[in-house]
Amino acid sequence: MPQSSTPKMSARNVNVFYGEKQAIQNVSIDVDTDNVTAFIGPSGCGKSTFLRTLNRMNDTVASARVEGEITLDGENIYSSGMDVVQLRARVGMVFQKPNPFPKSIYDNIAYGPRIHGLASAKADLDVIVESSLRRAGLWDEVKDRLKDSGTALSGGQQQRLCIGRAIAVEPEVILMDEPCSALDPIATAKIEELIHELRGRYAIVIVTHNMQQAARVSQRTAFFHLGTLVEYGSTSEIFTNPREDRTKDYITGRYG
Amino acid sequence: MNGVAIVTLILGLGLVAWLSARAKAVRLAPAPSGGASRNRSGRPLLHSLPVYHGWYAALWVLAPALLFLVIWANVMPGLVTERALQDSAAAALPIDAMSRSAILTEARNVALGNAQAAFDPRANALIEPYRSAHRFYSLGGALAALMLAFAGGAFAFTRIRPDFRARTKVERVVMSALLVASLIAIVTTVGIVGSLLWESLRFFAMVNPFDFLFGLKWSPQSAAMGYGNEDAFGAVPLFWGTIFIGAIIAMFVAIPLGLMSAIYLTQYARPAARAWLKPMLEVLAGVPTVVYGYFAALTIAPNLRDFAAWVGISNASSESALAAGLVMGVMIIPFVSSMADDSINSVPQSMRDGSLAMGATTSETIKQVLIPAALPGVVGGVLLAVSRAIGETMIVVMAAGLAANLTLNPFASVTTVTTQIVQLLTGDQEFESAKTLAAFALGLVLFVVTLLLNIVALHVVKRYREAYE
């Protein structure tokens with residue numbers, strides 16, 4: 001699959017340390033809008049850690065330290081002039097466990113637009129809430145109970161609510177950290193379908209344990225092992241004809 | 001026989017029983033050598049370890065004998081008196097119950113060595129019968145206790161067999177001992193509530209409960225001086241003073257400061273800073289309330305009065321609601337802070353991450369996500385703090401004053417329920433008057449209110465805990 005002309009985000013020689021321990025070694029990777037990128041690899045390989053460097057969520061961990069350069073549209077997100085709050089509005093994130101706020105469905109979606117001042121009137125906000133829920137594939141299920149608590153939804157609905165919440169602030173990149181690992185197969189299928197629909201509009205990076213899922217939803221796959229990026233290429237290449245033995249062993253289930 | 005000696009003797013017997021029963025059990029047990037763990041040379045293994053057999057025997061020696069001694073110590077005085085009265089010297093006693101018992105008490109005190117000599121000659125005549133009766137019964141009791149100890153020990157000793165389940169029996173004794181320990185606390189509480197209720201009922205027999213709960217004038221002194229109970233026991237000024245100081249002024253200090261320090265400690269402070277600041281804040285909770293009391297009375301109150309006079313408030317008192325309330329608020333800060341700390345910490349990290357990942361700042365996250373999610377816990381903490389504040393005594397006794405004013409002026413002197421209870425019950429008081437009994441009625445009201453607050457608070461906190469676990 002052809003690499004698109006200009007990458008949305010690119011990382012160059014990124015190292016991440018937790019205190020003395022190095023979690024990521026020298027990773028360079030490009031992410032673009034046309035393709036869904038999957039990060040795969042065994043537990044503890046650093047794929048989630050690396051994902052969290054892309055919107056600086058590692059800043060919340062006191063001992064974490066990031067070296068190297070990560071750019072969003074050519075601008076280094078670790079430069080001192082970068083507004084982290086603004087960055088996270090542009091690079092949204094969906095977590096492993098659905099984490100809706102203990103507020104109504106409406107307020108969950110309206111949370112981001114409100115704090116970023118995206119809607120001046122109630123009517124504007126209503127439009128954003130509806131369109132976000134539609135894009136998250138949740139509108140038909142919840143349109144009659146927007147005032148109900150977001151935590152009262154099923155696990156799969158909660159995760160789609162969280163995706164809708166991320167979409168509502170019109171991000172450019174959406175990071176998903178094993179978004180289906182707490183869901184049943186039907187809910188998982190819905191999320192995967194949703195990822196297909198969102199592709200092209202947002203640059204999507206998904207961390208997953210499930211190799212079938214990576215094969216189903218992504219166009220490009222990066223295989224991490226022991227904190228290094230072993231191989232990065234088109235998903236079909238990685239799964240049918242990996243260059244590296246380690247990738248092949250992992251994909252064929254030799255370890256991991 | 002001397003009480004200490006007999007108890008020591010029984011304890012010694014218990015030790016002997018422990019050692020010998022254990023030794024017997026060890027003899028019955030197969031030697032531990034030789035790998036094969038069961039039925040070596042046809043002998044069955046001990047069901048319980050030897051030490052349990054030891055405890056079993058020791059308990060059989062100790063429990064019945066000591067229990068008997070406790071009962072005997074309570075029954076014996078009556079028996080001794082009974083026997084002493086059968087003596088011929090008792091015939092000279094007056095029939096009048098009061099002087100009769102006075103003489104008997106005198107005789108007993110001399111007989112037991114608590115007094116040098118009796119005042120009344122009739123008591124002197126009773127000393128010797130008393131002494132002999134006492135000797136008779138204490139010796140009898142001691143012998144009975146020893147016999148019980150021996151009997152218990154012998155019974156337990158004969159039951160030691162390899163398959164005897166001493167371990168289970170000891171477990172049952174341990175369980176009942178723990179049950180008794182917890183029952184004592186419960187029974188004590190019930191007793192306190194019972195006496196509170198009983199004395200309050202006596203008070204309400206003299207004063208109309210409606211007048212007490214809704215009356216606006218509090219002057220128990222006038223009732224004591226014989227002006228009658230009407231209009232003297234209206235407790236509303238007290239209730240107001242308590243609420244004004246404990247639930248309004250103190251909470252104005254404690255809620256914002258406690259909450260903000262909890263937010264700082266949980267959200268902003270670095271781990272190293274938190275490790276220092278949190279224990280230091282908790283030191284506040286360890287300051288004796290009397291120290292807060294004189295801080296309020298000697299430092300805060302005069303300064304507040306001067307300040308009020310300087311601002312131009314004419315009737316400022318040197319004992320003000322504000323002084324007591326401010327200091328009480330400071331005292332309560334650690335409670336509010338640690339409850340808020342707990343409930344903010346128990347909001348899942350994923351909630352906080354979710355908000356931060358949306359591009360919210362830390363303070364937006366706190367305001368919009370953490371506080372609403374932690375609110376029930378915080379409210380529960382505040383209710384507990386209020387219940388503590390209104391029951392607090394030393395600060396208000398020292399700083400709030402005694403005048404039962406119904407006022408909104410924080411610089412005026414007000415009085416509280418606890419202050420008045422102290423006031424009503426200190427000094428020489430006759431116990432039958434409405435004035436002293438009013439203290440019980442006030443105590444009952446305070447108890448009911450704090451109980452309700454605690455129940456509501458714990459319920460709120462519990463429901464909140466369940467939501468996240």
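Here are some notes on chain B of this predicted model, from its overall build to its cores and its side facing chain A.

1. **Overall build.** Chain B is a helices-and-no-strands affair: 16 helices and zero strands. Its radius of gyration comes out at 33 Å, well over the 23 Å that the globule rule gives for 469 residues, so chain B is more spread out than a compact globule. The C-alpha trace fits that picture, spanning about 85 × 80 × 35 Å along its principal axes.

2. **Burial and contact range.** How much of chain B is buried? Of its 469 residues, 39% count as buried. If you look at contacts in chain B with a separation of 6 or more, 73% of them join residues 24 or more positions apart.

3. **Main nonpolar core.** The largest nonpolar core holds 161 residues. Ala296(B), Ala324(B), Val327(B), Val336(B) and Ala399(B) have the most contacts inside it. Which helix gives this core its largest share? That would be helix 11 of chain B (residues 321–345), with 16 residues.

4. **A closer look at Val327(B).** Leaving aside residues up to four places away in sequence, Val327(B) touches Tyr292(B), Phe295(B), Ala296(B) and Ile300(B), and also Ile395(B) and Ala399(B). Two of those partners, Ala296(B) and Ala399(B), are themselves on the list of residues with the most contacts inside the core.

5. **Second core.** There is also a separate core of 26 residues. Among its members are Tyr52(B), Trp55(B), Tyr56(B) and Ile160(B).

6. **Annotated transmembrane regions.** An unreviewed UniProt entry lists transmembrane regions in chain B at residues 54–75, 136–157, 177–198, 238–263, 283–301, 321–340, 369–387 and 437–461. I'd pull up a pair of these against the model. Residues 238–263 of chain B are 100% helix and 0% strand, with end C-alpha atoms 35 Å apart. Residues 369–387 of chain B are likewise 100% helix and 0% strand, and there the end C-alpha atoms lie 28 Å apart.

7. **The side facing chain A.** How many residues of chain B are in contact with chain A? There are 17, and they meet 21 residues of chain A. Two elements of chain B each give two or more residues to this side: helix 12 (349–357) and helix 13 (362–391). Helix 12 of chain B gives the most, with six residues. By class, the chain B side breaks down into nine nonpolar, five polar and three charged residues.

Notes:
Residues are numbered from 1 along each chain as its sequence is written. Chains are lettered from A and ligands numbered from 1 in the order in which they are written. This is a predicted model: local features need pLDDT of at least 70, side-chain atom pairs count only at pLDDT 80 or more; totals for chains, interfaces and linings use all residues. Two residues are in contact if their C-beta atoms, placed from the backbone, lie within 7 Å. Helices (H or I, at least four residues) and strands (E, at least two) are DSSP runs, numbered from the N terminus. Ala, Val, Leu, Ile, Met, Phe, Trp, Tyr, Cys and Pro count as nonpolar, Asp, Glu, Lys and Arg as charged, and the others, Gly among them, as polar. UniProt positions are given in the numbering used here, feature names are shortened, and annotations may be inferred rather than shown by experiment. The radius of gyration is taken over C-alpha atoms; the globule rule is 2.2 Å times the number of residues to the power 0.38. A residue is buried if 20 or more other C-beta atoms lie within 10 Å of its own, exposed if 12 or fewer, and partly exposed in between; C-beta atoms are placed from the backbone. A nonpolar core is a set of buried Ala, Val, Leu, Ile, Met, Phe, Trp, Tyr and Cys residues joined through C-beta atoms within 7 Å.
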